[in-house]
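User: Could you take me through this structure, one question at a time, beginning with the ligand and its surroundings?

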Amino acid sequence: MRLFGSFTSPYVRHCRIALMQSGLDWEMVELDIHTSKDPGTPTLRVPFLEDGTLKLTDSTPIVKYVREKAGQVFIPDVRALDRYCLANTLLDAAINLFLLERSGLDIESNVYTRRQQQRIELVLSELDSAPLPAAGQLNDADYRVAVAAAWGQFRKRFSIASHPNLQRLLEIAGENSIFVATAPPTV
Ligand SMILES: N[C@@H](CCC(=O)N[C@@H](CS)C(=O)NCC(=O)O)C(=O)O
């Protein structure tokens, strides 16, 4: 099984966590989606996964596929699934602003990008109000929130200084060696 992506992407990180925890045979194929001429995915995004003839183009089916192939479960609880989706909304908005700013857009002077910023702050507050997992008991909603919060700090796209539960979640996730091993490179 081959996972295509970058070591800085939070979506790829979550897939790598699931794969490293699965015991399955897999390899990572590093891909810079912004410079690759023919990346091999219609989304023009990473991650994507190939397993024989199966091709998956989004981190959610990838994590679900890996968990189930390894005999594990992927978010059976609807409230946890909603939290997972909120973390995706946070990431999508923050990555969108990151890429728009990098492409030269003044994100302060545009009505939609200001709405994206507001969305980030509201979702952070909502995620901060959720109960915390016990150490060693993270589910895929917890991992998704943790990789999102960590990516926001890594790229300095949002602050969690006023969100103590999110800070604590990162501490709990930081006790997991695979979460630590998949952290984005600092150089
Ligand atoms: N819904 C997708 C989002 C993936 C995504 O946004 N990936 C980013 C990297 S973190 C990307 O490839 N962005 C390139 C672009 O938007 O052009 C997933 O969950 O896999």
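**Ligand, sheet and loops**

User: How far from a nitrogen atom of the ligand does a backbone N or O atom of Val46 lie?

Analyst: This is a predicted model, in which local features need pLDDT of at least 70 and side-chain atom pairs pLDDT 80 or more, while totals for chains, interfaces and linings use all residues. Residues are numbered from 1 along each chain as its sequence is written, and side-chain values use heavy atoms, without hydrogens or water. The pair formed by a backbone N or O atom of Val46 and a nitrogen atom of the ligand (a polar contact has N or O atoms within 3.5 Å) is separated by 2.8 Å.

User: Which residue has a side-chain N or O atom 2.6 Å from an oxygen atom of the ligand?

Analyst: The ligand is surrounded by 13 residues (each with a heavy atom within 4 Å), and the closest include Ser9 and Arg45. For a nitrogen atom of the ligand, the side chain of Asp58 offers an N or O atom at 2.8 Å. For an oxygen atom of the ligand, the side-chain partner at 2.6 Å belongs to Ser59.

User: How much of the ligand's accessible area does the protein cover?

Analyst: On its own, the ligand has 520 Å² of accessible area (Shrake-Rupley method, 1.4 Å probe). The share of this area that the protein covers is 83%.

User: Which strands stand at the edges of the sheet?

Analyst: Four strands (DSSP runs of at least two residues) make up an open sheet with mixed pairing, in the order E2-E1-E3-E4, where two strands pair if DSSP finds at least two bridges between them. Within it, E1 (residues 2-5) and E3 (residues 48-51) run antiparallel and are joined by three bridges, with Leu3 opposite Leu49 in E3. Because each edge strand has a single partner and so keeps one side without a neighbour in the sheet, the edges are E2 (27-30) and E4 (54-56).

User: At about what angle to E3 does helix H2 run?

Analyst: Helices are DSSP runs of at least four residues, and angles run from 0 to 180 degrees between N-to-C directions of fitted axes. Helix H1 (residues 10-22) lies across E1 and E2, at about 160° to E1. Helix H2 (residues 59-69) lies across E1, E3 and E4, and its angle to E3 is about 40°.

User: Between which residues is the peptide bond cis, with omega near 10°?

Analyst: Most peptide bonds are trans, and most residues other than glycine have a negative phi. In the loop between E2 and E3, where Pro47 is placed, there is also Leu44, whose phi is positive at about 55° although it is not a glycine. The cis peptide bond, with omega near 10°, runs from Val46 to Pro47.

User: Is Ile75 buried or exposed?

Analyst: Ile75 sits in the loop between H2 and helix H3 (78-102), and it has a positive phi of about 40° although it is not a glycine. Buried means under 20% relative accessible area, exposed over 50%, and partly exposed in between; by this scale Leu44, at 56%, is exposed. With 11% relative accessibility, Ile75 counts as buried.

User: How far apart in space, C-alpha to C-alpha, are Val180 and Ile17?

Analyst: Val180 has its place in helix H7 (residues 177-181) and is partly exposed, with a relative accessible area of 47%. Leaving aside residues up to four places away in sequence, Val180 touches Arg13 and Gly174, where contact means heavy atoms within 4.5 Å. Val180 and Ile17 are 163 residues apart in sequence, and their C-alpha to C-alpha distance is 9.7 Å.

Note on methods:
A polar contact is a pair of N or O atoms within 3.5 Å; within protein, one must be able to donate a hydrogen and the other to accept it, and residues adjacent in sequence count only if both atoms are side-chain atoms. Buried means under 20% relative accessible area, exposed over 50%, partly exposed in between (1.4 Å probe, protein chains only).
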